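Here's a quick briefing to read alongside the model. Have the structure open and follow along topic by topic.

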Amino acid sequence: MDIRFEDAEVRFAGRTVLLPVRLDLTERRIGIIGLNGSGKTTFARLINGLVRPSKGRILVDGLDVTAEPDAVRRQVGYIFQNPQNQIILPIVRDDIALGLKNSRLPKGEIEFRVQAMLERLSIGELGGRRAHELSGGELQLAALAAILVTEPRLLILDEPTNQLDLRNRNRVLQTITSLPQQLIVITHDLGLLDGFDRVLLFDQGRLVGDGVPADVIAQYEALAA
Ligand SMILES: Nc1ncnc2c1ncn2[C@@H]1O[C@H](COP(=O)(O)OP(=O)(O)OP(=O)(O)O)[C@@H](O)[C@H]1O
């Protein structure tokens, strides 16, 4: 997809948290890095209308996100930093199936796809569990399953490994590496960005770096020192 930022700027309560950004994102693997509070999540949330620009606009394949948020969200999956906010139904399997309810697929096919997704993430045993009883990492994997099952064309992952142990972190890494769709990944886990096409670096609400991972990570390390 072609994600175009046309001088998009965000202010919260009179404070500018994202200075005007003008850029085009078309690569398959895009990373976003920067210190805490630098504006990464705000920038990513503009892409599916979770945050509205105070000035400028964002176009996703030509659709203005502010004017047509539903059309954009049908194609863009977003996994939150805190997936507690993302799970709606009490039982994990039902919550994952929810995303397919409007797909008009037969019930059996929905159940099959949900189970296949759970197994793909090696969390088959979580299907029957109560979401509010899951650990932070289990919840993160369930939220990933709930979005992946809808097969979005673009997937935005906000710190997808921040609560995962090493085994699950590596599973998520393998899963996202094998996904055919376009990905935007916000992360402090810089190893996730190996092989990415493009990395953006934010600092105090400003886009200060944009290039291949090695260069932008080096810039980030210098900035953080
Ligand atoms: N809804 C809001 N109202 C007011 N201020 C906000 C809001 N959302 C974010 N901010 C502020 O905007 C700035 C950027 O926040 P953002 O969440 O985009 O940072 P981030 O780079 O994703 O940080 P982290 O790495 O800690 O997740 C922060 O100073 C934050 O406090």
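What follows covers confidence, the annotation, the ligand shell and the two sheets.

This is a predicted model, and the mean pLDDT of the chain comes out at 93, with 100% of its residues at 70 or more. For the complex, the predictor reports an ipTM of 0.96 along with a pTM of 0.92.

**Annotation**

- An unreviewed UniProt entry carries the annotation "domain: ABC transporter" over residues 3–225.
- In the model, that span of residues 3–225 is 32% helix and 27% strand, and its end C-alpha atoms sit 32 Å apart.

**Around the ligand**

- Going along the chain, the shell takes in Phe12, Ala13 and Val17, then Gly34, then Asn36, Gly37, Ser38, Gly39, Lys40, Thr41 and Thr42.
- Which element gives the largest share of that shell? Helix 1 (residues 40–46) does, with three residues.
- Sorted by class, the shell has seven polar residues, three nonpolar ones and one charged one.

**The six-stranded sheet**

- This is an open sheet with mixed pairing, and its strands come in the order 6-7-8-3-9-10.
- Strand 6 (76–79) and strand 10 (206–211) are the edges, each pairing on one side only.
- From one strand to the next, the twist averages 15°.
- At the strand 10 edge, strand 9 (residues 198–203) pairs with strand 10 in the antiparallel sense, over five bridges.
- Want to check the register by eye? Look for Leu201 opposite Gly209 in strand 10, and for Val199 with Gly211 of strand 10 as its bridge partner.
- Strands 9 and 10 make a hairpin with two residues between them; Gln204, in the turn, has a positive phi of about 50°.
- Helix 7 (residues 213–224) lies across strand 3 (29–34), strand 9 and strand 10. Against strand 9, helix 7 runs at about 20°.

**The four-stranded sheet**

- The other sheet is open too, with four strands in the order 2-1-4-5 and antiparallel pairing.
- Its edge strands are strand 2 (15–25) and strand 5 (63–64), and each of these pairs on one side only.
- In the middle of that order, strand 1 (residues 3–12) runs antiparallel to strand 4 (residues 55–60), and five bridges join them.
- For a register marker here, take Glu6, whose bridge partner in strand 4 is Arg57.
- One thing to keep in mind while looking at either sheet: side chains in a regular strand alternate between the two faces of the sheet.

Key
Residues are numbered from 1 along each chain as its sequence is written. This is a predicted model: local features need pLDDT of at least 70, side-chain atom pairs count only at pLDDT 80 or more; totals for chains, interfaces and linings use all residues. A residue is near a molecule or strand if its C-beta atom, placed from the backbone, lies within 6 Å of it. Ala, Val, Leu, Ile, Met, Phe, Trp, Tyr, Cys and Pro count as nonpolar, Asp, Glu, Lys and Arg as charged, and the others, Gly among them, as polar. UniProt positions are given in the numbering used here, feature names are shortened, and annotations may be inferred rather than shown by experiment. pLDDT is the predictor's confidence in each residue, from 0 to 100. Two strands pair if DSSP finds at least two bridges between them. Axes are lines fitted to C-alpha atoms, for helices over the stretch in contact, and angles run from 0 to 180 degrees between N-to-C directions. Two residues are in contact if their C-beta atoms, placed from the backbone, lie within 7 Å.
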